[in-house]
Amino acid sequence: MKLKNVFLVIAISIATSLLSIWGYGKWISSNAVTIQNDGKIPVNYAGFFDKNTPTGIPDFTDAATSATPAVVHIKTKIKGKTVSSRSRSPFGDMFGDDDPFFQFFGGPRSYSIPDQQASGSGVIMTKDGYIITNNHVVNGASEINVTLSNRKSYKATIIGTDPNTDLAVIKVDADNLPFMLMGNSDDVKLGQWVMAVGYPLNLDVTVTAGIISAKARSIGINKSDRAIESFIQTDAAVNPGNSGGALINTTGELIGINSAIASPTGSYAGYSYAIPVNIVKKAVNDLIKYGAVQRAYIGINYIPDNASDEQKKAMGVKEGSGIYITGVATDGAAKSAGVQKGDFITKLNNVNVNSGSELQEQIARYKPGDKINLTYTRGGKENTVSLTLKNKSGNYEVVKNNASSAFDALGGTLVNVDKETAKKNDISGGVQVQKLGSGLLKNTRIQEGFIITSVDGQDVNSVDDLKSILSNSSGTVRLEGIYPGYDGTYGYPLTLGGSDNGNNDNESNP
């Protein structure tokens, strides 16, 4: 009897659903003219119903066959180190030399961190072995190994890195390698089918498919001081290990470099993010040619994309379309062109920009000295001006990331440690800080007499070693070493790059 009742409930539910659908169809038919604005098709649907849109999911076979040989597996080694227990105390920064934990445990005690292994993906961009990947894939690596889909392996060296775009270029000594064709990320459309290619979770080359779910997305994952975030968002499954891999279209062209996922667990949970290939092209070419990305600036501050209505009101933001300018640098390109605080930027070279991330994506394609047309509104009136972009120092010079400039930025007096001191402290060599000076070292807790023995796990035995390592480093690095006569190893974070002049003092965006 009970079983019959169950079936009855199901039957009623189905019947009710069918009746509801039939009734709604009859109602919508009789009221269609009213609901659909007198039968007119909305402007945003104009031409949609005239297209012969193919049905079903597209076939990715040819795209996968063409693209997978050009995507590589990158394995890195981060050299282990010995660290003083002092650096583990939660009160070290607060109390300095009077750290109670440090004193309670009777001075420095050291512990060892073993070698670390990590992996990611990369995209071959030239037949002679230049490979694109993410900065975070190779950052701090003392050894890089690249394996192709045919299982051939090569040692790789870092050509250049850029934490602001989270991009890096590495190179293997090989020729006639398969490489990937570059697409155009400006052509990417919402709802377009795409495929992610990489080596997730240490698996062999893996492909997954999805659609473009958003463009010009900023998620705040890049913590660099001048980060560029204008991601292509997809629902193609991406997991740890996919970083640096390819996002391709149905014709096998590269449209993005997979860089991040949004996840509460660390594994794929629905969304992944790729750096648009039009940003990638500019960045990697600069890294190969100059060793540093040539970053251009307009010389403005603007309201953040995620600012609340209350914050906008407090900042005096007026109603209007575009990007609201909150400040203009006195020696910047915008000031010279007559742009003012309170203006709304609406276009850059006739391309509409409605958010800070869209503006960043456009500016990231140019270098200092390039001329652009900027369109803005003031008091409801549209104006277009021509301006010449500058670098972060307020001029048009090429910025090079070479050994001398990075080393010189440290300041102070740095010398090779003498053999007697090295022998007494059981080290093979190092660089001693005789004087701190007024450079970057002064911003750390390093004391005079400190001997630098490694940077991010890479051995430093001489001044030349330190120069070489710094020339291939960016962002925040960790200087490690000893104080003569004390046990244990000490570590200090150091942010490379220094401070800018007035052109961009408060500018976290282009």
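Rings of Phe, Tyr and Trp (its six-membered ring) pair if their centres lie within 6.5 Å. With that in hand, here are some exercises on this predicted model.

**Exercise 1. Find the aromatic cluster that contains F450, and classify the pair F450 and Y483.**

Step 1. The whole structure holds 5 aromatic pairs. One of them joins F450 and Y483, with 5.1 Å from centre to centre and 55° between the planes.

Step 2. Planes under 30 degrees apart count as stacked, over 60 as edge-to-face and the rest as tilted. The pair of F450 and Y483 is therefore tilted, because its angle is 55°.

Step 3. Now look at where the two rings sit. F450 belongs to the loop between strand 22 (431-435) and strand 23 (451-455), while Y483 belongs to the loop between strand 25 (476-482) and strand 26 (490-495). The two residues are 33 apart, and the pair links distant parts of the chain.

Step 4. The cluster consists of F450, Y483, Y490 and Y492.

**Exercise 2. Decide whether F450 and Y483 are buried or exposed, then classify the pair Y483 and Y490.**

Step 1. The cut-off for buried is under 20% relative accessible area. F450 has 0% relative accessibility, so F450 is buried. Y483 has 12%, so Y483 is buried too.

Step 2. The ring centres of Y483 and Y490 are 5.1 Å apart, with the planes at 80°, so this pair is edge-to-face. Y490 is buried, as is Y483.

**Exercise 3. Describe the salt bridge between K282 and D286 and its surroundings.**

Step 1. The structure has 9 salt bridges, and one of them brings together the side chains of K282 and D286 at 2.6 Å, N to O.

Step 2. Both residues are in helix 6 (residues 277-290), and they are 4 residues apart, about one turn of the helix.

Step 3. K282 is at 13% relative accessibility, so it counts as buried. D286, at 7%, counts as buried as well.

**Exercise 4. Which residues are linked with E361 in a network of salt bridges, and how accessible are E480 and R478?**

Step 1. E361 and R365 form a salt bridge whose closest N and O atoms are 3.4 Å apart. D186 joins E361 and R365 in a network of salt bridges. E361 is buried, at 10% relative accessibility.

Step 2. In the salt bridge of E480 with R478, the closest N and O atoms are 3.2 Å apart. E480 is buried at 2% relative accessibility, whereas R478, at 25%, is partly exposed.

Definitions and conventions
Residues numbered from 1 in each chain as written. Predicted model: local features only at pLDDT ≥ 70, side-chain atom pairs only at ≥ 80, totals over all residues. Heavy atoms only, no water. Buried < 20%, exposed > 50% of the residue type's maximum accessible area, 1.4 Å probe, protein only. Salt bridge = Lys/Arg side-chain N within 4 Å of Asp/Glu carboxyl O.
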